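Biologist: I would like to learn how to read a model of this kind, feature by feature, with the general idea before the particular case. Could we go through it together?

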Protein chains: 2
Amino acid sequence: MSQQPHVLIIGAGAIGSFYGAILKRAGCTVSAVVRSEYEAIRDGGFQFESPLGDISWRPDHLYRDGDQADSQPDYVILATKVLPNSDRAALIRPWLGEDTGIVLIQNGLDIERELAEAFPNNPIISCLAFIAVSRVAPGQIKHNAYGRLVMGRFPEGIDEHCSRLRDLFVEGGIDIKLTEQVVGERWLKCVWNTPFNPLSVLANGADTYTILDTPGGEQLIRDLMAEVMAVAEADGHPLPSHLPDSNIAGTRKMPAYKNSMALDYLNDRPIELDAILGNVVAIAHRLNVPVPRLETVLVTLRMRQG
Amino acid sequence: MSQQPHVLIIGAGAIGSFYGAILKRAGCTVSAVVRSEYEAIRDGGFQFESPLGDISWRPDHLYRDGDQADSQPDYVILATKVLPNSDRAALIRPWLGEDTGIVLIQNGLDIERELAEAFPNNPIISCLAFIAVSRVAPGQIKHNAYGRLVMGRFPEGIDEHCSRLRDLFVEGGIDIKLTEQVVGERWLKCVWNTPFNPLSVLANGADTYTILDTPGGEQLIRDLMAEVMAVAEADGHPLPSHLPDSNIAGTRKMPAYKNSMALDYLNDRPIELDAILGNVVAIAHRLNVPVPRLETVLVTLRMRQG
């Protein structure tokens, strides 16, 4: 693997195609598997508007689901949403070689296990993206800001895959934090996401200030954060006690905004309820940690889908 | 007061005009104060479709807000919804005599105090209605079933007003239960209403079976009922421990239905959130009873209104 690796983006939406663009800039061969927008991407590639400059690119190979690969990639990058009815193992199985690294750029907690069990011999590189990017039309993506990845081997450690990918991403122009404890990093991100995201949906797409400034709202957010942190600690990932304060202070420093789950809800797209909340509650049940407020939010959102 | 009393219905909607009809059948003089539907009621009275037969009636006096009363009634009946922006004391003050009894036929908990404080010398007769009745057009009411009242003096006891009204309502054709502990009866009704009603709104108008059969749904209802019962007990009204079982069994014996708060929500009408839930949480806070699930439901519904 001394030459630049071959990377395959599976489910190349806004996030997948953004990180594909970065790796393309680093000299990788980058291919993509797409579903509904095949023609637009075949004809025009991925067109970006980005503060990074012109990062538009064309996949070296463009596949549809069900196509045969020309070669086995060194890495597959999965950047789809994590939804109960999407079988992620089935999505990547046809493209995997024996040594292909599985790179997950996905939100939520405990989202790696399903793939680790399906592909016990492939390395899993778990990534959290801090990015504001959205698809505006088929093949047209607007990168608003950020792009940083927090990355580590699942379930823990940093291996040569992580280091190699780090170097490539950095060469392509974004910031990378390698972590020995990627699961702990996921818990850290959940301290904000698990309370705010589902609550904003339950409140019909409320923005951050509506949530915090409703009477009892900030206290509810703090109580939900405390429940998440109690589960994290029982799961072996104690988190610093200042997190609720610093998360809320950070949120109040930004203008009011609707988080991604609220936007998904308002646009009638499926929400990542299990990845962000359901898995946290499942771990709490397994470890006998009481989470009455998280349960209330989870079950009520499920009632809505029922 | 040996002659039949003079009763004034204030806010004569579906429920108020139904109980007015019953008292009219018992020979009372029954007048009404109405707001928006004055002309229809002046011209046609209250027209009923009811399993009780023809209970349509015309008020002996029909008033608008701001009119002067011809005489002071023996009883005013208030049967409006209990909403934060409706000043119920202001609504009844102009019509009250020194001895006028204030009859509340309203849902919720701790809804009497505001009036007891405003009118410390008038007796307050607190009633819970078990009835299915709805307004179909101005002055047109469909009484579907039931009509029973549970009635007692607030804050406790049974006085001669209660007994006299009981006799009149029974003579008019409905069932009355007198209770020494009307607050305890309100708690009893809250064991069902406080969990089911707000939860159905949070779940976007879900019916009883959707609520119970969602994974975790029945357990959440049971947990919410347990919180209500813990507050009731701390408030001096311990309730029998079989209530969650019997309430849920009773609900499962009926076809799926949407409760009145769900229907209010779906029809863009204001919901009695404080009367049914907010007051329970306020009492819990005063008495230091933990109610994490009730709080979550309350605050989230408030976020929605924000």
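Biologist: Where does UniProt place the feature "domain: Ketopantoate reductase N-terminal" in chain A, and what are the helix and strand shares of that span?

Modeller: A record supplies a name and a range, and the coordinates of this predicted model can then be asked what that range contains. The UniProt record, an unreviewed entry, puts the feature at residues 7–155 of chain A. Within residues 7–155 of chain A the computed content is 20% helix and 36% strand, and the C-alpha atoms at the two ends of the span lie 22 Å apart.

Biologist: Which peptide bond at P155(A) is cis, and where in chain A is P155(A) found?

Modeller: Here one reads the omega angle and then looks up the place of the residue. The bond from F154(A) to P155(A) is cis, with omega near 5°, and P155(A) sits in the loop between β8 (140–153) and α5 (160–172) of chain A. In chain B, F154(B) and P155(B) are likewise joined by a cis peptide bond, with omega about 5°, and P155(B) lies in the loop between β8 (140–153) and α5 (160–172) of chain B.

Biologist: What does the UniProt record place at residues 183–304 of chain A, and how much of that span is helix?

Modeller: The procedure is as before, with the record giving the label and the model giving the content. UniProt, again in an unreviewed entry, places "domain: Ketopantoate reductase C-terminal" at residues 183–304 of chain A. That span is 73% helix and 0% strand, and its end C-alpha atoms are 30 Å apart.

Biologist: Is S200(A) buried or exposed, and which residues does S200(A) contact beyond its neighbours within four places in sequence?

Modeller: For a single residue, I would take its element, then its accessibility, then its contacts. S200(A) belongs to helix α6 (residues 182–202) of chain A, and because its relative accessible area is 0%, S200(A) is buried. Once neighbours within four places in sequence are set aside, the contacts of S200(A) are G205(A), A206(A), I211(A), N259(A) and A262(A).

Biologist: How does the same reading go for A284(B), and which residues does A284(B) touch?

Modeller: A284(B) is part of helix α11 (residues 273–286) of chain B, and with a relative accessible area of 0% A284(B) is buried. Not counting residues up to four places away in sequence, A284(B) touches V231(B), V289(B) and V291(B). Separation along the chain and separation in space can also be set side by side: A284(B) and W187(B) are 97 residues apart in sequence and 13 Å apart from C-alpha to C-alpha.

Biologist: Is S50(A), in the loop between β3 (47–49) and β4 (62–64) of chain A, buried or exposed?

Modeller: The cut-off matters here, since buried means under 20% relative accessible area. S50(A) has 15% relative accessibility and therefore counts as buried. Leaving out residues up to four places away in sequence, S50(A) touches I55(A) and H143(A), while the C-alpha atoms of S50(A) and Q106(A), 56 residues apart along the chain, are separated by 21 Å.

Biologist: Which value does phi of N288(A) take, and where is N288(A) found?

Modeller: With backbone angles, one looks for a positive phi in a residue other than glycine, and then at its surroundings. Phi of N288(A) is near 55°, and N288(A) is such a residue; its place is the loop between α11 (273–286) and α12 (292–305) of chain A. N288(A) counts as exposed, because its relative accessibility is 68%. Another case is Y146(B), where phi is near 65°, although Y146(B) lies in strand β8 of chain B; with a relative accessible area of 63%, Y146(B) is exposed.

Biologist: How, finally, should chain A be read as a whole, and how many helices and strands does chain A have?

Modeller: One goes from the inventory of elements to the overall dimensions. Chain A has 12 helices and nine strands, and its C-alpha atoms fill a box of roughly 55 × 40 × 35 Å along the principal axes. A compact globule of 306 residues would have a radius of gyration near 19 Å, so the 19 Å of chain A agrees with that expectation. Of the 306 residues in chain A, 56% are buried, and among contacts between residues at least 6 apart in sequence, 69% join residues at least 24 apart.

Methods:
Residues numbered from 1 in each chain as written. Chains lettered and ligands numbered in written order. Predicted model: local features only at pLDDT ≥ 70, side-chain atom pairs only at ≥ 80, totals over all residues. Heavy atoms only, no water. Helix = DSSP H or I, 4+ residues; strand = E, 2+ residues; numbered from the N terminus. Rg over C-alpha atoms; globule rule 2.2 N^0.38 Å. Buried < 20%, exposed > 50% of the residue type's maximum accessible area, 1.4 Å probe, protein only. Contact = heavy atoms within 4.5 Å. UniProt positions renumbered as here; feature names shortened; annotations may be inferred.
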